[in-house]
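The following exercises are to be worked through with the sequence and the coordinates at hand. Each task is followed by a stepwise solution.

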Amino acid sequence: MTVSMPHIKLYEHWESTWANVPKLAQFELGYKKENVEWISIELLKGGNFDPKFLKVNPNGTLPALQVDGRNFVDSITSTRELIRLAPLPCPASGTFDVGLIEKVHEVGNIQGLSIDEAEHKEKSSGLLGDFFAERQVALENLIQMAPTEYQEFLTQKRAENQQMFDFYCGSPDSTTREAHYNQCRSAWNAVGALIRGPITDALKNTKGPFAAGEHPGEADFHVVTWLARTISNAGVSPNSPSSVAILKLKDRTGGDSYDPVIAKYWDAWIVRPSFKESNVD
Ligand SMILES: N[C@@H](CCC(=O)N[C@@H](CS)C(=O)NCC(=O)O)C(=O)O
């Protein structure tokens, strides 16, 4: 008897960092492209705040996964469900892996932060400035039209977005700018501490090159997705080898050396078909 694959929908966007985790997992776990229906949500235009999407994910974030009508509303639970239903087995995760995943998400994607005047100027006139501006317009419109049950959520989101909109699309004073740059420096320090600490420890704990050993596992899907976006945030093109990417990242995070397991990890990932197919960056 053949067991049929449930109907799986992945709500994603090409620019979403965390949607790359289940995408990567999909290709590593032996799913075919057509086994998972990708539904693009217009993240750059505030489509994640549309009540139609909020019905699927009340957090208004990507990714979300729907399996036969059941909703998984973040990258951790979505990826875990893909692992559970996967055509190919995945190395088992332990409490250490769960802790590592949490730490990676705690540090998070710091794409929205600028480290100095030059980066602020560059981001203001690029994708990020447009992103906060488009969201503000979308939120204003949605607040006019959305049912009452979403009003409080949308009003809160508008207030949060307003701060970033003012920072990137307005003329923030020097005290605000300095406070932001300090926040960004601390965030980069946290990136360095995560790489030099828990990620290095995890990689040294196994034969490697992955945290799960010879084949990537659950924690690896999160770690490499985060690492790839962090490398992009450091200004390096995503498919660059460790000799470029890891070197630049080391400089961005205070200059102290990284254990060689980090470079080995990166170089092992960038050649994998899953990495290319899911466009991780
Ligand atoms: N902890 C969540 C974070 C999800 C998240 O923040 N996703 C970003 C895209 S990568 C998002 O949807 N941001 C939209 C927003 O916060 O308004 C997860 O792991 O899924």
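**Exercise 1.** Which residues surround the ligand? Classify them by polarity.

*Solution.* The model is a predicted one. Step one is to list the shell: the ligand is surrounded by Ser16, Thr17, Trp18, Asn48, Gly60, Thr61, Leu62, Pro63, Asp74, Ser75, Ile76 and His105. Step two is to sort these residues, with Gly counted as polar. The shell then comprises four nonpolar, seven polar and one charged residue.

**Exercise 2.** Test the length of helix H4 (residues 95–107) against the span expected at 1.5 Å a residue.

*Solution.* The expected span is 1.5 Å times one less than the number of residues. For the 13 residues of H4 this gives 18 Å. The end C-alpha atoms of H4 are 19 Å apart, which agrees. H4 is followed by Gly108, which has a positive phi, near 70 degrees.

**Exercise 3.** Which residues of H4 are buried, and what do they pack against?

*Solution.* First, the buried residues of H4 are Asp97, Leu100, Ile101, Lys103 and Val104. They cover an arc of only 160 degrees around the axis, and therefore lie on the same side of H4. In an α-helix, residues three or four places apart point the same way because there are 3.6 residues a turn. Next, the exposed residues Thr95, Glu102 and Glu106 are found on the face of H4 turned away from the buried side. Finally, the packing partners of the buried residues are helix H3 (75–84), helix H8 (174–204) and helix H9 (218–233).

Key
Residues are numbered from 1 along each chain as its sequence is written. This is a predicted model: local features need pLDDT of at least 70, side-chain atom pairs count only at pLDDT 80 or more; totals for chains, interfaces and linings use all residues. A residue is near a molecule or strand if its C-beta atom, placed from the backbone, lies within 6 Å of it. Helices (H or I, at least four residues) and strands (E, at least two) are DSSP runs, numbered from the N terminus. A residue is buried if 20 or more other C-beta atoms lie within 10 Å of its own, exposed if 12 or fewer, and partly exposed in between; C-beta atoms are placed from the backbone. The arc is that of the directions from the helix axis to the C-beta atoms. Two residues are in contact if their C-beta atoms, placed from the backbone, lie within 7 Å.
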